[in-house]
Amino acid sequence: MQDVLNLLLQDEPLTPVQRAALTKDPALRASVQRWLAFRATLRAHLDEALPERRIFVLHTLMEAGHADELTEAERTEVAASQGIMTRALEQYPALRDAADRIAEDRAVFMACWEQPVRIRRLTPTAWRIAAAVALIIGFGTVFALFFATNNAETPIAVRDGGLERVQLPDGSIVHLIEEGMLLYDAKDFARHVSVRGNAFFDIVHADAPFTVASPGAVITVLGTRFGIQSDDNSTMVVLESGRVSLAAEHALDQPVLLSPKEMSRVVRGNLPDAPAAVDLAQALHWTGYLFFDATPMFQVSRVLQDRFEVAIAVSEALKDEQVSGTFEPGDDIAYILTTLATTLDAVVERDESAGFIVR
Amino acid sequence: MRQKSLAGMPQNRFDALLVQRAQQGDARARDQLLRRLQAVLRSFFVKRIGRAPVIDDLVQNTLLRVHNGLEVLKDPERLKAFAMKAALFELQDYYRGRYSPKEVLYDPHAVTTASPAQSAWAGSQVDLERAFALLTPHARRILELREYGYRYKDIAQMLSTTESAAKMQVKRAFEKMRRAFCT
């Protein structure tokens, strides 16, 4: 009986055991049928009372004092639906709870909007946590993925001096830089790519590992950002965040594990070098990304001045303040300065003659 | 001349110029805009429904709504409200459609073998008022929210109770209806 009661709470289809239990007890089966019919009827009536949930959302925003977030046309729609909304809310008391929830959804969205992305002060502890959560997956999987995706691949290439931003089907981003070539199966993407030349990867986290095959090497990651420079006989990997496993293609069971701000190199036929510490800004300069890791603001301003050829002044009080963050090649100077300044609770001013002032 | 106030947030993550460029067909600007928006949406949906596999679909569908509506967005400064509404609409569609693939719970084979008296309960023949009269107002709210599409976890938060207490209310409601309609 308890099992049957539990099935009232489940969303999945009946299991054979539950089905058999109902078959053996016609009275219980009839009760369950009535119950399911009751639920279906209630759902149908709710849908009838609220034919358009979009209008319910708009109505709720209006009622919550956010009419300014609606367009004129939307406000007109809401006004025209006032009668329907009033009746629905009177008829189904829980719709008041749903309206409260929608207002809460709005508040959560606004909080997410305000939240800066990809910019945070990464303390040593945070680096350790980031590294700890990254998972290295078995090499059998790597091997299978590597050889399973050599067909039906989509080639994307850039020539000397070029830059190509590629968004993979899983949302990961690859920047191909100067004579880079990327191969992947766009139709049946299994989080595996092959790369030649130079590329910077920003891999979204997922349960399945992401593997990169490059000359002489295989790199395995979950969610992370790293750069690869390769030629026909060697691959060098520099890790910005997360954790990666780098193995020679002939010795997948003998990888080295890279932590953030480390690099390693594989020469075809040899095992990877032991990880070595690097300065990200220098080691990944070729990617076009900007990396700041507890970098003083005066130093940041110099880098940005060189990159964007614009004057940037930093107030005395801020010049020794340290900031951390990573910016993509397409990010503009205003965005970068504003984002960095946010972490310092500072302001950016634009002066037509003097450029940017951060204070 | 002060242009950007940073107290609070990096406003220019979605500045009007970027939106305008995207509206005017600048593919790079549009790509950048959607990429930045994607992070906000992912964070929003994860906060509302957890790290479910459906998150990717919700994010993509919302981005599609924004993408399709971008050209008719008259004021680039209103992107935030525009994106917020798109995300809320998508979330509501998710709740509304949550049951659609699971209708097999309403076992068609079992229904066809029901007696005429039983089949009178099927579909729209159920007298909701009669059924509601048996329920406490609290149980009724839970059932309405459930059929609206919320999960028990959401309902528990909305009604300041626990998930197990909400489920218990549903079981009691079933028992009440069973006793009432079997006699």
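Two strands pair if DSSP finds at least two bridges between them. Keep that in mind for the exercises below. The model is predicted.

**Exercise 1. Place F291(A) in its strand pair: which residue of β15(A) stands opposite F291(A)?**

Step 1. Find the two strands. They are β13 (residues 290–296) and β15 (residues 322–327) of chain A.
Step 2. Check the pairing. β13(A) and β15(A) pair in the antiparallel sense, over five bridges.
Step 3. Read off the partner. F291(A) faces T326(A) in β15(A).
Step 4. Look at the surroundings of β15(A). Five of its six residues are buried, so the strand is largely enclosed by the rest of the structure.

**Exercise 2. Describe the sheet that contains β14, β17 and β16 of chain A.**

Step 1. Give the order. It is β14-β17-β16, in an open sheet of three strands with mixed pairing.
Step 2. Name the edges. β14 (312–314) and β16 (348–351) of chain A each pair on one side only.
Step 3. Add the twist. Neighbouring strands are turned by 20 degrees against each other on average, direction ignored.
Step 4. Take one pair. β16(A) and β17(A) (residues 355–358) pair in the antiparallel sense over four bridges. E349(A) stands opposite I357(A) in β17(A).
Step 5. Add the helices. Helix α11 (residues 297–308) of chain A lies across β14 and β17, at about 175 degrees to β14(A). Helix α12 (residues 333–343) of chain A lies across β14, β16 and β17, at about 5 degrees to β17(A).

**Exercise 3. At what angle do helices α2 and α3 of chain A cross, and which residues make the contact?**

Step 1. Locate the helices. α2(A) covers residues 16–24 and α3(A) covers residues 26–49.
Step 2. Give the geometry. Their axes come within 5 Å and cross at roughly 115 degrees.
Step 3. List the residues. α2(A) brings L22(A), T23(A) and K24(A), while α3(A) brings P26(A), L28(A), R29(A) and V32(A).
Step 4. Sort them by class. Four are nonpolar, one is polar and two are charged.

**Exercise 4. R191(A) and S160(B) have a positive phi. Is each one buried or exposed?**

Step 1. Recall the background. Most residues other than glycine have a negative phi.
Step 2. Take R191(A). Its phi is about 55 degrees. R191(A) is in the loop between β3 (173–184) and β4 (192–203) of chain A.
Step 3. Apply the cut-off. Buried means under 20% relative accessible area. R191(A) has 7%, so R191(A) is buried.
Step 4. Take S160(B). Its phi is near 55 degrees. S160(B) is in the loop between α9 (152–158) and α10 (163–182) of chain B.
Step 5. Apply the other cut-off. Exposed means over 50%. S160(B) has 70%, so S160(B) is exposed.

**Exercise 5. How many residues does the largest nonpolar core have, and what does F109(A) touch?**

Step 1. Give the count. The largest nonpolar core has 84 residues.
Step 2. Name those with the most contacts inside it: F38(A), F56(A), F109(A) and L79(B).
Step 3. Find the top contributor. Helix α4 (residues 79–97) of chain B gives the most, with eleven residues.
Step 4. Follow F109(A). Leaving aside neighbours within four places in sequence, its contacts are V40(B), L41(B), F44(B), K80(B), A83(B), M84(B) and A87(B).
Step 5. Note the other core. It lies apart and has 28 residues, among them V193(A), I203(A), V212(A) and V256(A).

Definitions and conventions. Residues are numbered from 1 along each chain as its sequence is written. Chains are lettered from A and ligands numbered from 1 in the order in which they are written. This is a predicted model: local features need pLDDT of at least 70, side-chain atom pairs count only at pLDDT 80 or more; totals for chains, interfaces and linings use all residues. Side-chain values use heavy atoms; hydrogens and water are left out. Axes are lines fitted to C-alpha atoms, for helices over the stretch in contact, and angles run from 0 to 180 degrees between N-to-C directions. Contact means heavy atoms within 4.5 Å. Ala, Val, Leu, Ile, Met, Phe, Trp, Tyr, Cys and Pro count as nonpolar, Asp, Glu, Lys and Arg as charged, and the others, Gly among them, as polar. Buried means under 20% relative accessible area, exposed over 50%, partly exposed in between (1.4 Å probe, protein chains only). A nonpolar core is a set of buried Ala, Val, Leu, Ile, Met, Phe, Trp, Tyr and Cys residues joined through side-chain atoms within 4.5 Å.
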